[in-house]
Amino acid sequence: MAAIDNYELIEPRLRWDNPDMFYFIQIFKRRKDNPGMDKDMILIDNFYIYTKEQFDRMYPLIKTTCDAHNARAYFRFNRRSAKQAALQSLKRLTEMIIQENYKAAKGAYASAAGEFHAEKDKTWIIDIDDIDLKDLSDREKIKDIIIGLQKKTGREPMIFEIPSRNGIHFIARPFNSAAYGTIIKDMGLRTDLHKDNPTILYMP
């Protein structure tokens, strides 16, 4: 299969207006891509991206690391706060020490960065596998449904596509998820809605 490289789709969508905020990238090696693995997933590396220059500089390393391990680079559009991540990691670290879970301490910061975002203009991911669609034209129908629901929030609609291995991820501003779920079910379709999950940046 051909590699998926979404850098050119992702980078123009990013904002660099707050020095406290960073984009969180994680590289995971998955058993789905490497059947001989004992575990479902292994974390290879974390990247905390604060500036466009840093992203441009680190991206070749991210790709090289993915190629070397047959791993995937996951990108979170909802930015993290360095201050919030530090405070939450301190809290977790204290809890780990109290519980004498010293080996887990090294992962406290990454764990906090993964769980907590500080994005005011947050986005959701709608994960669509082509196998779950009746026809590829259903993508546009789903997109129109999301835009219609976004308009009802009173905010300007925002949605764009990021390719995945089995279909696409719609990256979208929030909307009425309950109404969306009902409409999609009535259409006989299936999608997965995630409120702070990563999308694919790169995979070999």
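Begin by selecting Gln150 in this predicted model, and then add the residues that Gln150 touches beyond those up to four places away in sequence, namely Arg155, Pro157, Met158, Ala172, Arg173, Pro174 and Phe175. Gln150 is found in helix α5, and because its relative accessibility is 1%, under the 20% cut-off, Gln150 counts as buried.

**The helix pair**

Keep helix α5 on screen, residues 138-151, and add helix α6, residues 177-186; the axes of these two helices come within 11 Å and cross at roughly 150°. Since angles over 145 degrees count as roughly antiparallel, that crossing makes α5 roughly antiparallel to α6. If you look at how one helix passes the other, you will find that α5 passes α6 in a right-handed crossing.

To see where the two helices meet, select Ile142, Ile145, Ile146 and Leu149 on α5 together with Ala179, Tyr180, Ile183 and Ile184 on α6, which make the contact. Coloured by class, this contact of α5 with α6 shows eight nonpolar residues, with no polar and no charged ones.

While α6 is still selected, pick out Ala178, which also lies in that helix. Is Ala178 buried or exposed? With a relative accessibility of 55%, which is over the 50% cut-off, Ala178 counts as exposed. A distance drawn from the C-alpha atom of Ala178 to that of Met1, 177 residues apart along the chain, spans 36 Å.

**The nonpolar cores**

In soluble globular proteins, nonpolar side chains tend to be buried together. For the next stop, turn to the largest nonpolar core, which has 23 residues, and select those with the most contacts inside it: Ile25, Phe55, Ile62, Ala73, Phe75, Phe77 and Leu201. The elements giving two or more residues to this core are the helices α1 (7-10) and α2 (52-69) and the strands β2 (21-30), β3 (41-49), β4 (72-75), β7 (159-163) and β10 (199-203). Which element supplies the largest share of this core? That element is α2, from which four residues come.

Within this core, centre the view on Ile62, which, leaving aside residues up to four places away in sequence, touches Ile25, Ile27, Phe47, Ala73 and Leu201.

The last stop is a second, separate core of 16 residues, where you can select Ile142, Ile159, Phe170 and Phe175, which are included in it. Two of these names have come up before on this tour: Ile142 takes part in the contact of α5 with α6, and Phe175 is one of the residues that Gln150 touches.

Terms used: Residues numbered from 1 in each chain as written. Predicted model: local features only at pLDDT ≥ 70, side-chain atom pairs only at ≥ 80, totals over all residues. Heavy atoms only, no water. Axes fitted to C-alpha atoms, helices over the stretch in contact; angles between N-to-C directions. Parallel < 35°, antiparallel > 145°, perpendicular 65-115°, else oblique. Left-handed = near helix turned anticlockwise from the far one by under 90°. Contact = heavy atoms within 4.5 Å. Nonpolar A, V, L, I, M, F, W, Y, C, P; charged D, E, K, R; others polar. Core = buried A, V, L, I, M, F, W, Y, C linked by side-chain atoms within 4.5 Å. Buried < 20%, exposed > 50% of the residue type's maximum accessible area, 1.4 Å probe, protein only.
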